[in-house]
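Subject: Structure handover

Hi,

Here is the structure I promised to pass on. Have a look at it first, and my notes follow underneath.

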Amino acid sequence: MTTATTAPPLHTDLGTPARLDALLGDPDDEDNPYGFASFLAADERGDLHQAGERLLDAYGLGAEFVPRRLGGRLARADELGRLLRPLFRRDGALALGHGASNLVGSVNVWSDGSPQQQTWLADVLCRNGRIAAAYTDMSTGNDVGRTAFRAEIRRDALVLNGRKEIINNLARAEAVTVLARTSDAPGSRSHSMVLVDPATAPRDRLRFLPRFRTSGVRAMYLGGLEFRDCALPVTSLTGGPGEAMETILRAFQVTRAVLPSAAVGMVEQQLRTVMDFAVGRRLYRRTVADLPHARSVLAGAFLDVLVADAMSTTVCRALHLLPRQTSVYAAAVKFLVPLLFRDTVDALSVVLGARSFLREGPYGVFQKHARDLPVASLVHAGGTVCQATVIPQLPRLARNGWPAEEAAPAEVFRLAGPLPELDFDRLGITAGRTDPLLSTLPEAAALLREEPVLGALCEQLAGELERVADDCAALAPRDRTPLAGPVSFEIAERYALLLAAACCVGVWLGNPEQPSGFLREPEWLVGALSRLAGRLGLPPVPGAGSVEARVFAELAVRHEQGYGFDLVGRRVA
């Protein structure tokens with residue numbers, strides 16, 4: 001039994017920045033030790049921002065990744081994503097190196113670790129210790145099933161052999177979670193998870209490798225570690241032998257949902273930087289923001305942020321309310337949101353022009369985030385891996401889940417309200433037979449049939465869903481596996497775009513108390529669905545383009561008054 005957890009009312013006191021945002025202060029203030037100028041200087045040195053680390057330690061950020069039952073503050077995935085956005089807004093290296101890496105490294109222990117392991121790791125994080133997540137090998141990348149790192153049980157010891165490279169915080173970690181091969185047998189039962197305490201491991205059996213330098217997140221400490229017949233207690237196994245893949249499929253649903261939500265803060269700042277330029281730079285007796293192309297790009301970027309927020313927040317809430325379905329949802333959001341953000345930043349760079357390459361001054365943060373974002377998007381699972389998670393599940397969902405027998409609970413789309421506490425044990429390895437989130441599309445098409453533009457868009461997207469179902473049914477057996485050909489990956493992308501559309505519709509219908517008049521109006525939803533339909537190759541719906549002026553007007557007001565560009569729209573520091 002899990003208890004419902006609440007949070008401060010989401011829509012009250014929106015004129016006050018979130019606590020972490022307020023602690024970090026005005027990022028544009030050159031005298032602020034936590035401002036962009038300071039972060040850019042640390043990035044040029046290739047050093048993690050030390051003052052920022054001390055501030056986060058004083059805040060107790062590590063406790064945010066520890067479940068409440070173990071003495072931490074982690075109860076809600078949606079709140080964790082929002083909490084991390086101010087940090088991603090300022091510095092991707094600090095956000096990953098002092099934040100997200102701890103989440104990625106700990107979720108498998110919260111899912112399947114022994115009580116002793118969970119208690120010990122909770123203490124590490126609550127004392128502001130760091131965790132390294134050593135899941136991938138350099139030679140196989142995100143294909144964790146091919147890892148060559150070995151763990152062998154010899155009598156009463158677990159003996160590790162192999163190298164883990166390009167691992168964040170490895171040389172600074174007080175705990176390391178390691179994925180190892182424990183059997184040569186084919187299949188998914190040949191890998192195990194190991195929790196390593198570097199302080200108690202035999203140091204003559206460990207060798208730290210040189211730091212890896214990167215073009216993005218240059219301040220992160222990416223290192224390597226070689227184990228040579230390193231004997232650990234058998235109790236270092238997390239879960240049973242051969243259970244690592246099941247653990248990963250369950251626990252990584254949390255990180256795949258939370259991290260795209262957190263990265264919204266980074267792209268919000270990209271948009272804010274370009275808005276600063278566009279409203280201040282004059283060309284042809286007008287500001288850049290008055291030029292039709294620039295205005296269209298800026299409005300589109302705003303819509304992309306809202307789409308990403310709607311999708312990631314809904315999936316975060318689904319972890320609590322639809323835990324048996326989130327295997328496919330979390331993989332879809334981890335694939336699609338970075339793809340949206342990549343294209344958004346590319347478009348914004350055209351408006352900013354040559355200034356997008358500057359490494360200092362008021363626009364320096366743009367190029368830093370542009371370099372950091374691809375790395376932040378990968379973390380522990382790239383887009384191809386996430387699509388490969390979705391593909392085998394689509395034929396079953398197409399047969400049984402569109403539309404689902406039961407509608408998605410209204411609470412899953414709400415931006416506020418109580419949720420059951422996050423329970424890793426309830427997360428399913430694969431999605432069930434139904435797909436309640438995506439079923440929102442045909443339901444909305446019926447509900448909004450009389451709306452000339454919005455209804456037509458929903459009808460168009462519902463028709464695309466039927467075509468996706470037909471295409472899933474026609475897939476050859478091999479194309480229903482992670483080894484599928486290009487056609488299956490294209491279908492998985494179409495599925496993710498339709499899921500994003502369903503989340504946007506659900507958020508618009510499910511938050512009538514939203515204080516923002518703009519978000520209660522249909523214009524943003526029309527704009528968001530139009531962009532998603534365009535990505536699907538669907539023809540434009542007559543009248544849909546007319547919403548651009550209203551979308552840009554809202555963006556301009558929020559920019560001028562210093563409010564966020566996400567769905568909540570809280571004032572930023």
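I say a charge sits over a ring if NZ of Lys or CZ of Arg is within 6 Å of the ring centre and within 35 degrees of the ring normal. With that rule, the charged end of Arg272 sits over the ring of Phe565, 4.1 Å from its centre. Arg73 does likewise with Tyr59: its charged end sits over that ring, 5.5 Å from the centre.

Before the rest, some bookkeeping. This is a predicted model, so local features need pLDDT of at least 70 and side-chain atom pairs count only at pLDDT 80 or more, while totals for chains, interfaces and linings use all residues. Residues are numbered from 1 along each chain as its sequence is written, and side-chain values use heavy atoms, with hydrogens and water left out.

**Aromatic pairs**

Rings of Phe, Tyr and Trp (its six-membered ring) pair if their centres lie within 6.5 Å; planes under 30 degrees apart are stacked, over 60 edge-to-face, and the rest tilted. Searching the whole structure turns up five aromatic pairs. One of them is Phe149 with Phe227, edge-to-face at 5.3 Å centre to centre and with 85 degrees between the planes. Phe149 lies in the loop between strand 2 (131–134) and strand 3, and Phe227 in strand 8 (residues 222–233), so this pair ties together parts that are 78 residues apart in sequence. Helices (H or I, at least four residues) and strands (E, at least two) are DSSP runs, by the way, numbered from the N terminus. Phe149 and Phe227 are both buried, where buried means under 20% relative accessible area, exposed over 50%, and partly exposed in between (1.4 Å probe, protein chains only).

Then there is Phe302 with Phe565: their ring centres are 6.2 Å apart and their planes at 65 degrees, so this pair is edge-to-face. Phe302 lies in helix 8 (residues 292–321) and Phe565 in the segment after helix 18 (548–561), so parts 263 residues apart in sequence are tied together. Phe302 is buried at 0% relative accessibility, and Phe565 is buried at 0% too. Phe518 joins Phe302 and Phe565 in one aromatic cluster.

**Two bent helices**

For the expected span of a helix I take 1.5 Å times one less than its number of residues. Helix 5 (residues 92–112) has 21 residues and should span 30 Å; its end C-alpha atoms are 29 Å apart, which agrees. Helix 7 (residues 244–280) has 37 residues and reaches 53 Å from first C-alpha to last, close to the 54 Å expected.

Where do they bend? The bend at a residue is the angle between axes fitted to the seven residues ending there and the seven starting there. Helix 5 bends by about 40 degrees at Ala100, and helix 7 by about 35 degrees at Phe252. In helix 5, 20 of the 21 residues are buried, so the rest of the structure largely encloses it. Helix 7 is also largely enclosed, because 32 of its 37 residues are buried.

**Hairpin and loops**

Two strands pair if DSSP finds at least two bridges between them. Strand 3 (residues 150–154) and strand 4 (residues 157–168) do so in the antiparallel sense, over five bridges. Arg150 stands opposite Asn161 in strand 4. There are two residues between the strands of this hairpin, in which Arg155 takes a positive phi near 55 degrees.

Most residues other than glycine have a negative phi, so a couple of others may catch your eye. Val217 has a positive phi of about 40 degrees; this residue is in the loop between strand 7 (206–212) and strand 8, and is buried at 0% relative accessible area. Arg285 has a positive phi near 65 degrees. Its place is the loop between strand 10 (282–283) and strand 11 (286–287), where Arg285 is exposed, with a relative accessible area of 80%.

**Cysteines**

How many disulfides are there? Taking a disulfide as a pair of cysteine sulfur atoms within 2.5 Å, the count is zero. The sulfur of Cys458 has its closest cysteine sulfur in Cys504, 11 Å away, which is too far for a bond. Cys458 is buried at 0% relative accessibility, whereas Cys126 is partly exposed at 34%.

Cheers
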